[in-house]
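Morning, everyone. Please pull up the structure, and we'll walk through confidence, cavities and salt bridges.

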Amino acid sequence: MATLVSSQAYIYHCHLIKRALIQTKDPYSPRRLSRHNHIETHVLSPRTWTLTIRGRKHQPLSLNTVCFAADEPSPSPSSEISADARIRSEVLSPFRSVRMFFYLAFIASASLGGLIATSRLIGALANPARSGEVLEIVKGLGIDVGAASLFAFLYFRENKTKNAQMARLSREENLAKLKMRVEENNKVISVGDLRGIARLVICAGPGGYIEEAFKRSREFTQGLVERGVVVVAYATDGSTPVLEFDGEDEEVSLSRRRLWRVAPVFVSEWERWIDEQKKLAGVSSDSPVYLSLRLDGRVRGSGVGYPPWQAFVAQLPPVKGIWTGLLDGMDGRV
């Protein structure tokens, strides 16, 4: 009995130590409150949280905390290739696996032939009576070595292309997981939810860059809306761009609101993804950039500076009309 009591006391002591460590890591954890207290959380917006802590006498103590999305914890993106990226790679290149299999088969066949030719060459060189066969054996050995080298080159080139494509598709899958907020209904959606619906254009730069891009799109608003373009404006300096929709015709104002109707949330994830793209493109971290996506969510093009609104209107087909469906993939080469 004494042993049982001692064991229970030891387990309870370990539980107290574990709870103390958790409270040290998370100073705002509800575990710090006693069993007579409770915590209420009210969500005002994707960026604002209100915490109301009540004491034992139920006297409210309000604490309003504004948490910007950039400060909210977010999981780091995995460096592994996702299953979705592997499946999309197989769909985009259905015969790549077959080609790589035959390349390996040809390499093995040529290598085996080279080993046989090498053994024959050694035997011919050791036997003067077979000296006339040396030239023929050397030719066959050269053909085997050349074939093995050629198919090895083709295999490694194909594998390099596969890895590059899967890495790009994996980055696009990470992009599809980023969250946005729709201005009309304050609903939070992901970039992948707009696949087959809209062509996203991501503008990333200081607040002044976003405002100037907004002004430059004014002339092409209707054409962009007809082509399903939706702009995601991400201010890298943390400022709030001023986008003026008033003072215009009601129809034009509505179209412009439809064009600029989403805003990024969980900004730290957007920042991490955009910085990765800048590093891959060799662009400085403070340069304003744009990124355009196809209807299927793949990256269509990117560049430094302002988006070419006029080129988008000229190159992209409308998402409605008699040709809808036939021209969905006519977004240009990726």
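Let's begin with the cavity lining. Helix H4, residues 134–176, supplies three residues to the wall of the largest cavity, the largest share. Keep in mind that this is a predicted model.

So, how far does the predictor trust it? Mean pLDDT for the protein is 75. Of its residues, 71% reach 70 or more. Strand S6 does best, at a mean of 93, and strand S3, residues 60–66, does worst, at a mean of 30. Two stretches deserve a flag. Residues 1–13 stay under 50 in pLDDT, and the model gives them zero contacts beyond four places in sequence. Residues 20–78 also stay under 50, but there the model has 75 contacts beyond four places in sequence.

Now the empty space. Rolling a probe the size of a water molecule over the atoms shows where empty space is left. How many cavities of 30 Å³ or more does a search of the whole structure find? Two.

Take the largest. Its space is about 80 Å³. There are 13 residues in the lining. Nearest the centre are Val 191, Arg 195, Leu 200, Leu 293 and Gly 297. By class, that lining splits into eight nonpolar, two polar and three charged residues. Hold on to Arg 195; that residue comes back later.

The second largest cavity holds about 40 Å³. Its lining includes Arg 199, Leu 200, Val 201 and Val 229. Ser 292, Leu 293, Arg 300, Phe 312 and Leu 316 are also part of that lining. Two elements give two or more residues each: strand S6, 199–205, and strand S9, 289–293. S6 gives the most, with three residues. The class count here is six nonpolar, one polar and two charged. Leu 200 and Leu 293 appear in the linings of both cavities.

On to charges. Side chains of opposite charge can pair when their charged atoms come close. Over the whole structure, the search finds ten salt bridges. I'll take three.

First pair: Glu 158 and Arg 96, with the closest N and O atoms 3.2 Å apart. Glu 158 sits in helix H4 and Arg 96 in helix H3, residues 96–126, so this bridge ties together parts that are 62 residues apart in sequence. Are these two partners buried or exposed? Glu 158 is buried, at 11% relative accessible area. Arg 96 is buried as well, at 7%.

Second pair: Glu 172 and Arg 168, at 3.3 Å from N to O. Both lie in helix H4, four residues apart, about one turn of the helix. Glu 172 is buried, with a relative accessible area of 1%. Arg 168 is partly exposed, at 23%.

Third pair: Arg 195 and Glu 173, again with the closest N and O atoms 3.3 Å apart. Arg 195 lies in the loop between strand S5, 188–190, and S6, while Glu 173 is in helix H4, so the pair ties together parts that are 22 residues apart in sequence. Arg 195 is partly exposed, at 32% relative accessible area. Glu 173 counts as buried, at 6%. And here is the link back: Arg 195 is among the residues nearest the centre of the largest cavity.

One last item. Salt bridges with shared partners join Arg 96, Arg 99 and Glu 158 into one network.

That's my tour. Over to you.

Terms used:
Residues numbered from 1 in each chain as written. Heavy atoms only, no water. 1 Å grid on protein atoms, 1.4 Å probe; cavity = no way out; pocket = protein on both sides within 12 Å on 5 of 7 lines; lining within 4 Å. Points joined across faces, edges and corners; volume = space filled by probe spheres on them. Nonpolar A, V, L, I, M, F, W, Y, C, P; charged D, E, K, R; others polar. pLDDT = per-residue confidence, 0-100. Contact = heavy atoms within 4.5 Å. Salt bridge = Lys/Arg side-chain N within 4 Å of Asp/Glu carboxyl O. Buried < 20%, exposed > 50% of the residue type's maximum accessible area, 1.4 Å probe, protein only.
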